[in-house]
Amino acid sequence: MKIAGQPVPHESAHGHATGEALYTDDLAGRFPRLLHAWPVLAPHAHALVTALDAAPALAEPGVAATLTAADVPGEADSGANRHDEPLFPSEVMYHRQPVAWVLGETLEAAQRGAARVSVEWQPLPAVLTIADAIAAGSFHAGPLHLRRGDAAAAMKASPHRLQGELAIGGQEHFYLETQCAIAWLDESGGVVIESSTQHPSETQEVVGRVLGLPRHQVTVECLRMGGAFGGKEVQANPWAAIAALGAWKTRRPVRVRLPRALDMALTGKRHPFLARFEAGFDGEGRLQGAAIALYSDGGWSLDLSEPVMWRAMFHADNAYFLPAVEVAGTVCRTHKTSQTAFRGFGGPQGMLVIEEILDRVARTLSLAPELVRERNFYREGQTTHYGQPVKDAARIATIWRRLQASSGFRERRQEIARFNAAHPHCKRGIAITPVKFGISFTATFFNQAGALVLIYRDGSVQVNHGGTEMGQGLATKVRQIAAESLGLPLQALRMMPARTDKVPNTSATAASASTDLNGAAVADACRQLRARLAPIAGAMLGCPPEAVRFAGGEAFSEGDLVQRVPFAQVVEAAYRQRVALFAQGYYRTPGIHFDQKTGRGEPFHYFAYGAAVAEVEVDGFTGGHRVLRVDILHDVGESLSPLIDRGQVEGGFIQGLGWLTVEELLWDAEGRVATNSASTYKLPAWSELPEVFEVAFLEQAAEPGVICGSKAVGEPPLMLAIAAREAIREAIAAFGVGGVVALDSPATPERIFWAVERGARRAGFRRGRGAGGGSGPRVTLAEVNGLACERFVGSLGGVFEQSPWVAERAWWRRPFGDVDALHAAMRFQVAAATRAEQLALLRAHPDLGARAAMSATSAGEQAGAGLDRLTPDEFARLQRLNARYREKFTFPFILAVKGSTKHDILVALERRLENGVEEEFQEALLQVYRIARFRLEESVT
């Protein structure tokens, strides 16, 4: 019976359930005289270390040693690419960055010792947001470019155009096992590290660099990981380096393990993104041209931010053909944790942007979003914007049609319409979105793998390869491949931990390609061994070698159902004939290449496809939502291990759902991660699970040229969760009267609530809360003073465009003697806000003359100045000036237009383009205050 393709349990499932499966920190008890490391942490996001004295720590009982830059025999840097991550920085670049370490006989002793280290600081200004980085010109890389055709000309010739912004939040990895490493010296003076790392070879390289040792003196093993999701691809390296340095200095084993709060404070996240886009399209919703500018928050060091940005740019098309497009990517440098790899590796952010654009296109034209998406699908024979043919493009439409039918999409949309008509305060939405995800490392040289397969005289087998097991089932799949290749039952094979002394120069377990690479390398080694054993078995069976088959732990001749020889007997005979019973396998992915300079090539071996339908229900009063049902049809090729693949699809979707709806990373004004534990950072739980969750695999989808015809399934399912976000947007739209639904990510209850409020205002009713900003009936000052906070915010939250926090903070200054006092209280809150909040407030304003959706209040104000009656030439001129203004100042041109003509506005815009950045920032705030004053006069009597 075939083994590959069978739904077998996870290779370590029993150990996971019983606790018998060991992880790095579980090995600590094996090391007598183990020392525990604890960092000395910086209290600033950006500061110079002007003095550091670690000696006082040594006076603390139980402290064995301290580690500073003076203890490093090699290079005191763990940066994987630019060597821009000093282990002992003289300039602190993010809050709580370690500047020294203390080693103790116990963890408590090390912590007490660290508290006694004396450090003097010179605080420096910190850049904490993408907007601040853009304004300061603080960048790691970019702009990077991918382009096809003349996007500007295509958009200009399009009958319809839109522009907008989308802020995309990051995501905490929250792996169950935090960062951990144990290091010790072996009998030859070399260093051995047990590390929770996705990339043992890179950890080996970094440790060797820090200690000034050649790599053959450093051995790294990864037994298994309790999750990683990309967070241990490069960010396991500094902790392993500190453990190794401590062992090197003290000649004793050293353990570094970050508790959860410290792990969240010191390690990188999924990159937050800011996207600015413009698109031209025809009356049927087909894109004609698009310009997309992507900005990511890279944090303090480069890390993997540049390849993450490249993949975001590669996937800015998702499943859609973009006939003319310009994609630019810039990595911002901020004083925060260095953001890093996370499942999808930039692909989710890029795909979210194009889905945002297409939804806006659909709502601008009053078309169904699924219809607009389908009209823009890739067709057979088309290529991506970087020149790669989209192989099997027809699968996108096939999956789309089959999933719509199996999920009853059209019938359910009608049922939802009936439900919404009967429920004014809660609405349902349904959406379907596709996924096209490229498989391979975008750095071509990483697309290789090695393996070492050992057969013992009793017929049992050890399998070594360069991939690491983090719970994703790689070991299970490779075990099935090896068992299938050698014709053995699974219990005859043992999967060995990844070790750099067994398989050298390995690539990271990442990019969803680990089964493709390592599985193929193992299969290559098994083919060699089978070829050596076939003549031995043939002689025993009396048949030619080419007729020999291995299956079920036996060798037999094809067509002979009687005569069989146990595999162990064949192996023993081969040993006695001095036939090698071990083999090294190797695989390199064929035919992939990419030139960053030209932005052209074929960086992916193939594309994985899928689609999801999600149905949600939104509560209009709280902004809360429930996911009612999810249907998924996904392309996994010929599944190697259906249970593993199903788990990856389900888990990936839920992780994506968390990123898009409930997981929100927040930093305070001092650069501290405010969401630094499970009590402040919301993770998806049972309550987020869909009530109905249907997962199916595309049939007859084997991928030629890939091991066993399978396709990667680690990362692509995460992007299926975009369907849930779009369903939420559909439900929000049901509260209003159409038009664009602006919704930054994640779609938290707060964001959903205010999006519903904006839709309700467009519909011309107050939902019992008040619209604010002049819409709805006027209220008296006495009524304002008597309002509870929630109703106060509901009534006046629109006075400052899409910034209800101003009203919320001003509420505490009640009572107000007159409108002037009310305005002064609100103005004070804006003036006292952080620069980031002020920028967000400015950016919430629509472009003057824009023909996209805006609040009813803004639309009325602009119409009063004649901006809804611009001639085509005036509109084009205003668009050009608006674009220049945004490019220079990063926020839209703001003018209190009451009493102005369109001529006055154009003149003022040209004049203010000459201002300096800070001068114009203050001028824009003054205009915001004027607008607020006008709106208060219209709202409050």
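**Entry 1: R933**

I began at R933 and listed its contacts, leaving aside neighbours within four places in sequence: they are V819, D820 and H823. The model I am reading is a predicted one. R933 belongs to helix α28, which covers residues 917-939. I looked up its accessibility and found a relative accessible area of 21%; the cut-off for buried is under 20%, so R933 goes down as partly exposed. I also took a distance to L166, which is 767 residues away along the chain, and the two C-alpha atoms are 28 Å apart.

**Entry 2: Q655**

Next I went to helix α17, residues 642-662, where Q655 is located. Is Q655 buried or exposed? Its relative accessibility is 11%, so I entered Q655 as buried. With neighbours within four places in sequence again set aside, I noted contacts from Q655 to Q171, F229, F342, R343, E663 and L718.

**Entry 3: the chain as a whole**

I then stepped back to the whole chain. I counted 28 helices and 29 strands in its secondary structure. The radius of gyration is 30 Å, and the globule rule gives 30 Å for 941 residues, so the chain is as compact as a globular protein of that length. The C-alpha trace spans about 100 × 70 × 50 Å along its principal axes. Of the 941 residues, 62% are buried. Among contacts with a separation of 6 or more, I found that 79% are between residues 24 or more positions apart. The exposed area of the chain is about 34500 Å², and 53% of this comes from carbon and sulfur atoms.

**Entry 4: strand β16**

I wanted to know how many residues of strand β16 are buried. The strand runs over residues 426-439, and 13 of its 14 residues are buried, so β16 is largely enclosed by the rest of the structure. I followed β16 to β27, with which it pairs in the antiparallel sense over 14 bridges. For I439, I found the bridge partner in β27 to be Y606.

**Entry 5: aromatic pairs**

I turned to the rings and recorded 25 aromatic pairs. Why does the pair of Y94 and W300 count as tilted? Tilted covers planes that are neither under 30 degrees nor over 60 degrees apart, and the planes of Y94 and W300 are at 35°, with the ring centres 5.7 Å apart, so the pair is tilted. I placed Y94 in the loop between β4 (91-92) and β5 (98-104), and W300 in the loop between β14 (287-297) and α9 (305-314); the pair links distant parts of the chain, 206 residues apart. Y94 and W300 are both buried.

The next pair I checked was Y386 and F604, which is edge-to-face, with 6.1 Å centre to centre and 75° between the planes. This pair too links distant parts of the chain: Y386 is in the loop between α11 (369-375) and α12 (394-407), F604 is in the loop between β26 (600-602) and β27 (606-619), and they are 218 residues apart. I have both Y386 and F604 as buried. I also found Y386 and F604 in one aromatic cluster together with W310, F314, F594, F607 and Y609.

**Entry 6: charges over rings**

Last, I looked for charged side chains over ring faces. K232 lies over the face of Y175, 4.6 Å from the ring centre. R428 lies over the face of F419, and there I noted 3.9 Å from the ring centre.

Conventions: Residues are numbered from 1 along each chain as its sequence is written. This is a predicted model: local features need pLDDT of at least 70, side-chain atom pairs count only at pLDDT 80 or more; totals for chains, interfaces and linings use all residues. Side-chain values use heavy atoms; hydrogens and water are left out. Rings of Phe, Tyr and Trp (its six-membered ring) pair if their centres lie within 6.5 Å; planes under 30 degrees apart count as stacked, over 60 as edge-to-face and the rest as tilted. Helices (H or I, at least four residues) and strands (E, at least two) are DSSP runs, numbered from the N terminus. Buried means under 20% relative accessible area, exposed over 50%, partly exposed in between (1.4 Å probe, protein chains only). A charge sits over a ring if NZ of Lys or CZ of Arg is within 6 Å of the ring centre and within 35 degrees of the ring normal. Contact means heavy atoms within 4.5 Å. Two strands pair if DSSP finds at least two bridges between them. The radius of gyration is taken over C-alpha atoms; the globule rule is 2.2 Å times the number of residues to the power 0.38. Accessible areas come from the Shrake-Rupley method with a 1.4 Å probe; for residues, only the protein chains shown count as cover.
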